[in-house]
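Biologist: I'm new to this one. Could you walk me through it?

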Amino acid sequence: MISTETTLAGIHFDNCLMNAAGVYCYDADELNQIQKSAAGTFVTKSATVVPRAGNPEPRYLSTPWGSINSMGLPNKGLPYYLDYVSQQQTLFPEKRYFQSITGFNIDEDEALLKQITDSDFNGLVELNLSCPNVPGKPQTGYDFETVEQILTRVFEVYEGPLGVKLPPYFDIVHFDQMAAILNQFPLAFINSVNSIGNGLTIDAATERVSIKPKHGFGGIGGDYIKPTALANVHTFYQRLKPEIQIIGTGGVKSGQDVFEHLLCGASMVQVGTALHKEGPQIFDRLTAELQTIMQQKGYNKIADFKGKLKYLD
Ligand SMILES: O=C1NC(=O)NC(C(=O)O)N1
């Protein structure tokens, strides 16, 4: 039997595929659709201290090669998601889920984590350090000193399995610097990558930008970013201590894309842009395509090939 199961933070998941935060996870209706799909689990939309309407629309566009978005963290607030996940934990006591959170400062991060500690949440926290779309707010993941300060506070106050959603990096020195910071902490995982921030797509016919916020600037996902995503997954796989596992996100729309992320070292693979386009039935297709590739190569489980990317030297 070809198995696509995986383990993350010592937790078993029947399938290594799940949604990426922000896609099919805004409310109970969307999360129910992921729950009923072939995905191994789900992550909620990044929750902030107070609910947010997000940026003005149009704020999302699917393009032939992917997507651009400037959602601006629209979410129903952490209590909503904790209530929903609590119900799912009761319905499916053997499953574990991901709660994404993002504070606008270190005190907000602490407040969000305290809310989670005070709840019956038994899953994994994904701390989003990389939203590129809140006007005036930097992508924290590019401020290394602040990342270190945040993680220091986080692990003073939170005891459950926790990982960070990182922006894409493009410079080997930055990989080295970030890995040196991340390796100081008992992180369960990192999730590489969030969208490539502040891209621009335009409509030549109307001579206009595609989305309203920030004069059309938004996070880029899809085919455009797969090479960057694979490089980030593999570079951190090479540099991080083995206790910190990797969730691979970016450019996944086929079983081959999933296979490539796993080959680069991912233990779990998230799907964003392609899920937005195809809907939750994509998980059936991706799982079947991955299993076919594994069968053709003689692999029975992910551990047979995870991280075993070959070089040409
Ligand atoms: O972290 C995020 N990444 C994105 O690409 N978009 C969303 C958002 O704008 O809410 N957040």
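Modeller: Sure, here come some questions and answers on this predicted model.

Biologist: Let's start with the record. At which residues does UniProt place the feature "domain: Dihydroorotate dehydrogenase catalytic"?

Modeller: That label comes from an unreviewed UniProt entry. In the model, the span it covers is 35% helix and 20% strand, and its end C-alpha atoms lie 13 Å apart. The record puts the feature at residues 5-294.

Biologist: Now the ligand. Which pocket does the ligand sit in?

Modeller: Look at what surrounds the ligand: Lys45, Asn69 and Asn128 are among the residues there, and so are Cys131, Pro132 and Asn133. Sorted by type, that shell has 5 nonpolar, 6 polar and 1 charged residue. The ligand's place is the largest pocket.

Biologist: How much of the ligand does the protein bury?

Modeller: Start with the backbone contacts. A backbone N or O atom of Met71 is 3.2 Å from a ligand oxygen, a polar backbone atom of Gly72 is 2.8 Å from one, and for Leu73 the distance is 2.7 Å. On its own the ligand would expose 290 Å², and of that the protein buries 91%.

Biologist: UniProt has a "binding site" annotation covering Ser70 and Met71, among others. Which of its residues are included in the lining of the largest pocket?

Modeller: The annotation, again from an unreviewed entry, covers Lys45, Asn69, Ser70, Met71, Gly72, Leu73, Asn128, Asn194 and Ser195. Checking these against the pocket lining gives Lys45, Asn69, Met71, Gly72, Leu73, Asn128, Asn194 and Ser195.

Biologist: Another "binding site" feature takes in Lys45 and Val193. Where does Lys45 lie?

Modeller: That feature is also from an unreviewed UniProt entry, and Lys165 and Gly222 are among its other residues. From this set, Lys45 is one of the residues lining the largest pocket. As for its place along the chain, Lys45 is in the loop between α1 (28-35) and β4 (60-63).

Biologist: Which residue does a cis peptide bond join to Val193?

Modeller: Val193 is in the loop between β9 (189-192) and β10 (196-200). The bond has an omega of about 10 degrees, and the partner is Ser192.

Biologist: Where is Pro58, which has a cis peptide bond from Glu57?

Modeller: For the bond from Glu57 to Pro58, omega is near 0 degrees. Pro58 sits in the loop between α1 and β4.

Biologist: Last one: what is phi of Ala9 near?

Modeller: Ala9 is in the loop between β1 (6-8) and β2 (11-13). Its phi is positive although the residue is not a glycine, with a value near 55 degrees.

Notes. Residues numbered from 1 in each chain as written. Predicted model: local features only at pLDDT ≥ 70, side-chain atom pairs only at ≥ 80, totals over all residues. Heavy atoms only, no water. Near = heavy atom within 4 Å. Polar contact = N/O pair within 3.5 Å; in protein donor to acceptor, adjacent residues only side chain to side chain. Areas by Shrake-Rupley, 256 points an atom, 1.4 Å probe, with all protein chains shown as cover. 1 Å grid on protein atoms, 1.4 Å probe; cavity = no way out; pocket = protein on both sides within 12 Å on 5 of 7 lines; lining within 4 Å. Sits in = over half its atoms within 2 Å of the grid points. Nonpolar A, V, L, I, M, F, W, Y, C, P; charged D, E, K, R; others polar. UniProt positions renumbered as here; feature names shortened; annotations may be inferred. Helix = DSSP H or I, 4+ residues; strand = E, 2+ residues; numbered from the N terminus.
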